[in-house]
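Welcome! Please take a look at the sequence and the structure below, and then we can walk through them together.

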Amino acid sequence: MKGTTTVKHGYLVDMDGVLYRGPEMIPGADVFIRQLRARQIPFRLLTNNSQRTRRDVVAKVARLGIEVEEEHIFTSAMATARFLARQKPGGTAYVIGEGGLLTALHQNGFSVVDHEPDYVVVGEGRTFNLEMVEAAVRMIMEGAKLIATNLDANCPTQHGLRPGCGAMVAMLELATGIKAFSVGKPSPVMMRIAGDELGLATDEITMIGDTMETDILGGVQFGFHTGLVLSGGTRAEDLPKYAYRPEVIVDSVAEFTELLDQSGWRPLWSTGGGERRNGREKRAALPAIHSA
Ligand SMILES: [Mg+2]
C-alpha cells in the first residue's frame, strides 16, 4: 500500500451497547459518528432489532444526540426482507413482528397474509399472543418456511431483560420440530447485505460491536475486521472462553475516535500487525486474550 494512497475503509457499527445503553448515549458516540460523516467515511448502523423502521431508528438516535440519515441505518428486518425477496420474489408471509418488519417486507414486494403463506416470519416485538403462535404452528406444519429476523434470546432494557425474538422462535421450533432460518447477525446473510451497502471489499470493512456471539462472530466468519467495545454486554474477563477474538478491544467507541484520529482515520488494525506499531497504540494490540 502506497503511503499517500487514501485508505478505503468503512464501518458497520452495532448500536445497542455501542452507541447507547437503554435511554442513554454512551459518551463519545455522537463525536465518533460526526467524525465518520465529516470525513465521508462510509458506515452503517446495524441492529438485530427488527421492530423499528429506518426512520424510527433515526428519530430514536436523534433524541439521544446522534445525527444520522435513513440511509445510514441497516436493520435485520431489511436484511430479512431483501433475503426473502431474492428467495421468492413476490412471496407471501405471515408475520409475528412490528412496523419495521412489515414495512421492509412490503417495500420488497412481499404481501402479508394470514393463511397459506410461503413463510412465517418472526421478528422482535411485543404484540405476540398465543393465537398467533397457534396459527403460525399450523402454517409451518402445512409447509410454510420458518424465518427469524434474529435469534437474540433476550434484549436489555432499562428495567432489565425482556425476552427476545430468539425466545419466541424457540417456542415455534419446539412445537413444530422445525428449525428456523435466521437472517440477523451473526448470519452471513445480514453481514453480506450490510457490507454490500458500503460498496467496499470485506477487507475494507470493520465491524464494531459489543457482543461476541453476534457482532464479532459474524464479522470473523465473514472476513471483516472486528472491533469489540466493552461498553455493552461483554466484559474483558469473558474473552478467554471464546475460540475466536476481535482484532481490537476498546473500552468504548470514544476510544476509536482517539485511535483513528492518531492515524489520520486509517484503521491501524487493517494494515497488518497493528500491535507492532510504535507502542502508542498498544490499546489496539489485543491485550490479555492469548491464553484462550
Ligand atoms: Mg449490541
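What follows covers confidence, the main nonpolar core and one helix.

This is a predicted model: local features need pLDDT of at least 70, side-chain atom pairs count only at pLDDT 80 or more, and totals for chains, interfaces and linings use all residues. Residues are numbered from 1 along each chain as its sequence is written.

**Confidence**
- The protein has a mean pLDDT (the predictor's confidence in each residue, from 0 to 100) of 90, and 90% of its residues reach 70 or more.
- Residues 1–5 have pLDDT below 50, and this stretch has one contact (C-beta atoms, placed from the backbone, within 7 Å) beyond near neighbours in sequence.
- Residues 273–292 also stay under 50, with 34 contacts beyond four places in sequence.

**Nonpolar core**
- The largest nonpolar core (buried Ala, Val, Leu, Ile, Met, Phe, Trp, Tyr and Cys joined through C-beta atoms within 7 Å) has 80 residues, and among those touching the most other members are Val-13, Leu-19 and Val-253.
- Helix α3 (residues 76–87) gives the largest share of this core, six residues.
- Domain 1 (10–48 + 186–284) and domain 2 (83–182), with bounds from an automatic or database assignment, both contribute, so the core lies between them.
- Beyond four places in sequence, the contacts of Val-253 include Leu-19, Phe-32 and Ile-208.

**Helix α8**
- Nine of the eleven residues of α8 (residues 212–222; helices are DSSP runs of H or I, at least four residues) are buried (20 or more other C-beta atoms within 10 Å of their own), so the rest of the structure largely encloses this helix.
- The buried residues of α8 pack against β1 (10–14), α7 (188–198), β13 (205–209) and β14 (225–229); strands are DSSP runs of E, at least two residues.
- Gly-223 follows α8, with a positive phi near 90°.

Methods: Two residues are in contact if their C-beta atoms, placed from the backbone, lie within 7 Å. A residue is buried if 20 or more other C-beta atoms lie within 10 Å of its own, exposed if 12 or fewer, and partly exposed in between; C-beta atoms are placed from the backbone.
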